[in-house]
Amino acid sequence: MTSSAPDANLPELVLEVSDLKVHFPVMAGAVVRKQVGSVKAVDGVSFNVRRGETLGLVGESGCGKSTTGLAVLKMLDITSGQVVFEGEDISGYDRARMRPIRRRMQMVYQDPFGSLNPRMKVAQIVGEPLEVHGMANDRAIYRARVASLLDMVGLLPDMADRYPHEFSGGQRQRIGIARALALEPSLIICDEPVSALDVSIQAQVVNLFQELQERLGLTYVFIAHDLAVVRHISHRIAVMYLGRIVEIASRADLYARPLHPYTVALLAAIPIPDPEVEATRPQQIITGEVPSAMRPPPGCRFHTRCPSVMEVCKSVDPPMRDMGDDRAVACHLHGA
Ligand code: SF4
């Protein structure tokens with residue numbers, strides 16, 4: 001495995017995403033099927049990720065964060081926009097052209113129970129990417145590599161010959177992480193990797209991600225549905241709502257001084273461990289359902305739920321504004 005020493009020849013930006021759109025057609029008609037609309041799952045998302053950093057991507061279920069992750073990996077067709085990975089524009093790449101790129105960008109999935117093949121031993125699961133990429137011809141080297149990957153994620157070498165059902169949820173997620181590391185990626189998209197785990201185990205797995213980042217110089221996009229989970233691991237955080245990023249800022253700025261009313265509401269939803277403080281703090285709970293991504297509201301997409309809504313918000317879509325200090329927000333409260 002490579003060390004964390006940065007390669008001076010590699011671009012500082014691992015990922016540059018510009019105006020990314022992923023729209024899914026909605027079809028209707030029993031006999032003649034025709035398109036009657038589209039679900040705008042991702043609708044103009046731009047961000048970048050620097051080498052060695054973790055970008056938290058946060059929002060409620062259905063906001064498009066997982067679709068963004070899959071589109072970045074080109075596991076979904078993108079409708080328009082640009083994805084540049086380590087300086088290479090991969091937006092138009094097909095499966096064949098993505099093959100060598102996929103070695104360097106991997107995914108860790110939410111469900112450690114469903115994402116591992118129950119009929120494969122751990123050695124096969126972790127080593128499969130090596131076989132797929134023709135790196136498993138020498139069995140001794142292959143076994144040693146699998147043992148080293150298991151060790152890296154805190155599992156014992158003799159666990160290689162067991163099946164996934166013999167492991168706890170946290171251990172299974174470690175197996176998924178070992179598999180993702182097999183090809184020495186530079187970028188890992190972590191799609192809600194701790195959401196399915198017990199709270200007591202979540203911190204251990206988040207710590208493992210951090211240790212691996214320091215040791216291997218990894219870059220992460222860490223997807224989560226609440227701001228509590230990404231707090232400790234993220235360097236910067238992007239908040240998504242209904243297919244768009246509405247605020248992006250450093251962790252310190254976002255938690256100390258959230259600008260977008262939706263970010264304020266997400267922060268307010270994090271329980272405070274002290275019951276007295278929790279009982280007395282002002283509540284800013286957003287009500288109502290997330291509107292349909294097929295027919296997003298006009299103007300600001302958050303206006304139907306925003307406690308600070310103004311008349312202008314109902315018709316004018318607020319652009320993303322650079323607020324300095326490496327942060328940007330899309331809200332009329334923070335206009336020019
Ligand atoms: Fe609320 Fe208006 Fe800002 Fe949208 S633009 S978040 S509706 S204040």
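What percentage of the 336 residues in the protein chain is buried? Buried residues make up 47% of them. Keep in mind as you look around that this is a predicted model.

**Figure 1. The whole chain, with its ten helices and twelve strands.** Let us start with the overall picture. The C-alpha trace spans about 70 × 60 × 50 Å along its principal axes. For a chain of 336 residues, a compact globule would have a radius of gyration near 20 Å, and the value of 21 Å found for this chain agrees with that. Among contacts with a separation of 6 or more, 63% join residues 24 or more positions apart. The chain exposes about 16000 Å², and carbon and sulfur atoms supply 52% of that area. There are 36 positive and 38 negative side chains, with the centres of the two sets lying 6 Å apart.

**Figure 2. Helix α9, residues 261–268, is largely enclosed by the rest of the structure.** Why is this helix described as largely enclosed? Seven of its eight residues are buried, so the rest of the structure encloses most of α9. The buried ones are Pro 261, Tyr 262, Thr 263, Ala 265, Leu 266, Leu 267 and Ala 268. Their cover includes two helices, α7 (227–230) and α8 (251–256), along with the strands β3 (54–58), β9 (236–241) and β10 (244–250).

**Figure 3. Helix α3, residues 122–132, and its packing partners.** Look here for the buried residues Val 122, Ala 123, Ile 125, Val 126, Gly 127, Pro 129 and Leu 130. A handy rule helps when reading a helix like this: an α-helix has 3.6 residues a turn, so residues three or four places apart point the same way. The buried residues of α3 pack against α4 (139–152) and α5 (169–181). After α3 comes Gly 134, with a positive phi near 65°.

**Figure 4. Val 42 in strand β2, residues 34–50.** Is Val 42 buried or exposed? Its relative accessibility is 0%, so Val 42 counts as buried. Leaving aside neighbours within four places in sequence, Val 42 is in contact with Leu 20, Lys 21, Val 22 and His 23, and also with Gly 64, Thr 67, Thr 68 and Gly 243. For a sense of distance, find Pro 193: this residue is 151 residues from Val 42 along the chain, and their C-alpha atoms are separated by 21 Å.

**Figure 5. Glu 192 in the loop between β7 (187–191) and α6 (199–216).** Glu 192 has a relative accessibility of 8%, so this residue counts as buried. The side chain of Glu 192 makes a polar contact with the side chain of Ser 195, at 2.5 Å. Beyond its neighbours within four places in sequence, Glu 192 is in contact with Lys 65, Gln 110, Ile 223, Ala 224 and His 225.

**Figure 6. His 303 in the loop between α10 (275–280) and β11 (321–324).** With a relative accessible area of 15%, His 303 is buried, because the cut-off for buried is under 20%. Which backbone oxygen does its side chain reach? The side chain of His 303 reaches that of Pro 298, at 3.1 Å. Setting aside neighbours within four places in sequence, His 303 is in contact with Pro 297, Pro 298, Val 309, Cys 313 and Lys 314.

**Figure 7. Two loop residues with a positive phi, Glu 86 and Asp 326.** A little background first: most residues other than glycine have a negative phi. Glu 86 has a positive phi near 45° and lies in the loop between β4 (80–85) and β5 (88–89). At 13% relative accessibility, Glu 86 counts as buried. Asp 326 has a positive phi of about 65° and is found in the loop between β11 and β12 (327–329). Asp 326 is partly exposed, with a relative accessible area of 40%.

**Figure 8. Arg 97 in helix α2, residues 95–102.** Our last stop is a residue that counts as partly exposed: Arg 97 has 49% relative accessibility. Now find Glu 214, which is 117 residues from Arg 97 along the chain. The C-alpha atoms of Arg 97 and Glu 214 are separated by 30 Å.

Note on methods: Residues numbered from 1 in each chain as written. Predicted model: local features only at pLDDT ≥ 70, side-chain atom pairs only at ≥ 80, totals over all residues. Heavy atoms only, no water. Helix = DSSP H or I, 4+ residues; strand = E, 2+ residues; numbered from the N terminus. Rg over C-alpha atoms; globule rule 2.2 N^0.38 Å. Buried < 20%, exposed > 50% of the residue type's maximum accessible area, 1.4 Å probe, protein only. Contact = heavy atoms within 4.5 Å. Areas by Shrake-Rupley, 256 points an atom, 1.4 Å probe, with all protein chains shown as cover. Lys, Arg positive; Asp, Glu negative; His and termini not counted. Charge placed at Lys NZ, Arg CZ, Asp CG, Glu CD. Polar contact = N/O pair within 3.5 Å; in protein donor to acceptor, adjacent residues only side chain to side chain.
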